[in-house]
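This report introduces one protein structure to a reader who has not met it before. It takes the domains, the cores, a sheet, a helix and selected residues in turn.

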Amino acid sequence: MDRDNFRIDGARLWDSLMEMAQIGPGIAGGNNRQTLTDADAEGRALFQRWSEDAGMTMGLDRMGNMFMRHEGAEPDLAPVYIGSHLDTQPTGGKFDGVLGVLSGLEVVRAIRDMGIRTRRPIVVVNWTNEEGARFAPAMLASGVYAGVHDEDYANSREDAEGKRFGDELDRIGWRGTEDVGRRPMHAMFEYHIEQGPILEAEGKEIGVVTHGQGLWWLQVTLTGKEAHTGSTPMNMRVNAGLGMARIIEAVHRIAMDHQPNAVGAVGQANVWPNSRNVIPGRAVFTVDFRSPDLEKLTAMRARLEAEAPKIAAELGLGIEIEPVGHFDPVTFDPALVEVVRGAAEHLGYSHMNIVSGAGHDACWINRVAPTVMIMCPCVDGLSHNEAEEISPEWAAAGADVLLHSVLEVAEIVR
């Protein structure tokens, strides 16, 4: 069997991506298919139908993780998994996460088309609530799978409207009965857009992901005193919004002081009562620190926890700082990294080593099974934005590398 001719159907993959993008459309060409919404349920149903049409059978665990199994010649062997997520940001793109799930489906479709049989089964997985946009923390269900969180914690997470993760999972009808984290797993591959500008700037088609940045999400709550903006003297204000502004500036300064390879920002922020003529009496915002260097990551958190209370005290504000998301820097499996690199070289695709700047389900699954990531470029490095874009050629190149890598690890028998 001539492996040089093994390719996915790039046009079919692209058509699948575009059809999935019709579910939960955004307002500017992207997607709003947040986790455990009706749109998420609809996207799951489409993925299930496509997978079953490709001969796969579904497993569903109590966190709503979907496992679509393509049988191997030796069913008792631990499967090779291909996983990512179907949920999106509120103003998300058409490719973040979805590319990895539907490329996994396309790998199985291509294997069937070519009449290939592997020793090991192949399982394509959709992990629930990777984004963390609606329910913090991110990568919630894969975190339960890996033993980082327990099920009670996950089910108790609340969105901005006070709706609980567990209740919403039940509401949309996607809670399974399978125990979480009990599946044998020989290896897992996650294919994803880069979500950064490096691959495109370097003119590379494939990112061979060797490491993932660590992350701290720290939710800061400031408590002041609501008062009229026009009639309250400046020296008598207890302004939670001002405290938030000063702490946001401190986050930027802390990250800059830990260069290179460290970032920090505040992307989610709310003030109450959020009225034009009321000084904010309460502010809640999330600080996002990331670095592939554990020492820097730890130092940035420590410095914020030292400086933010001083800022609050100067303004007469109460302050609480709660960690709502964390993972240490990740080193992906070296043997699988070499498999991906070898596949890219064999196929003649330009490639480079890269560190993932974002968190992914693979960061948690790496704790319980050998794991690796493959990345393709995205235009201008733009992601978590409705204008997120990739080319059909980029999508197909990464999926070809995924196909060859999975076949090597799952072992072709015919």
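## Domains and cores

The protein is divided into domain 1 (10-213 + 329-410) and domain 2 (214-326), with bounds that come from an automatic or database domain assignment. The model is a predicted one, in which local features need pLDDT of at least 70 and side-chain atom pairs count only at pLDDT 80 or more, while totals for chains, interfaces and linings use all residues. Residues are numbered from 1 along each chain as its sequence is written, and side-chain values use heavy atoms, with hydrogens and water left out.

The C-alpha centres of domain 1 and domain 2 are 33 Å apart. To the contact between them, domain 1 contributes 12 residues and domain 2 contributes 14 residues; contact here means heavy atoms within 4.5 Å.

In soluble globular proteins, nonpolar side chains tend to be buried together. A nonpolar core is a set of buried Ala, Val, Leu, Ile, Met, Phe, Trp, Tyr and Cys residues joined through side-chain atoms within 4.5 Å. Buried means under 20% relative accessible area, exposed over 50%, and partly exposed in between (1.4 Å probe, protein chains only). The largest nonpolar core has 103 residues, and those with the most contacts inside it include Met20, Phe47 and Leu102. Helix 12 (residues 392-410) gives the most to this core, namely 12 residues. At least three residues of this core come from each of domain 1 and domain 2. A second, separate core has 24 residues, among them Trp216, Leu297, Leu304 and Ala312.

Beyond residues up to four places away in sequence, Met20 touches Arg33, Gly43, Leu46, Phe47, Trp50, Leu86, Val98 and Leu102.

## An open sheet and its helix

Helices (H or I, at least four residues) and strands (E, at least two) are DSSP runs, numbered from the N terminus. Two strands pair if DSSP finds at least two bridges between them. An open sheet is formed by 4 strands in the order 9-11-7-12, with antiparallel pairing. Its edge strands, strand 9 (263-272) and strand 12 (318-327), each pair on one side only.

Strand 7 (residues 214-223) and strand 12 pair in the antiparallel sense over 9 bridges. Within strand 12, His326 is the bridge partner of Trp216. Helix 9 (residues 294-314) packs on the sheet, where it touches strand 7, strand 9, strand 11 (282-291) and strand 12; its direction makes about 155 degrees with that of strand 11. Such axes are lines fitted to C-alpha atoms, for helices over the stretch in contact, and angles run from 0 to 180 degrees between N-to-C directions.

## Helix 12

Of the 19 residues of helix 12, 16 are buried, so the helix is largely enclosed by the rest of the structure. At 1.5 Å a residue, its 19 residues should span 27 Å, which agrees with the 26 Å between its end C-alpha atoms; the expected span is 1.5 Å times one less than the number of residues. Helix 12 is followed by Glu411, whose phi is positive, near 70 degrees.

## Two buried residues

| Residue | Relative accessible area | Place |
|---|---|---|
| Asp40 | 2% | helix 2 (residues 38-53) |
| Pro79 | 2% | loop between strand 2 (66-70) and strand 3 (80-84) |

Leaving aside neighbours within four places in sequence, Asp40 is in contact with Arg33, Gln34, Thr35 and Ile172. With the corresponding neighbours not counted, the residues that Pro79 touches include Arg69, Pro121 and His186.
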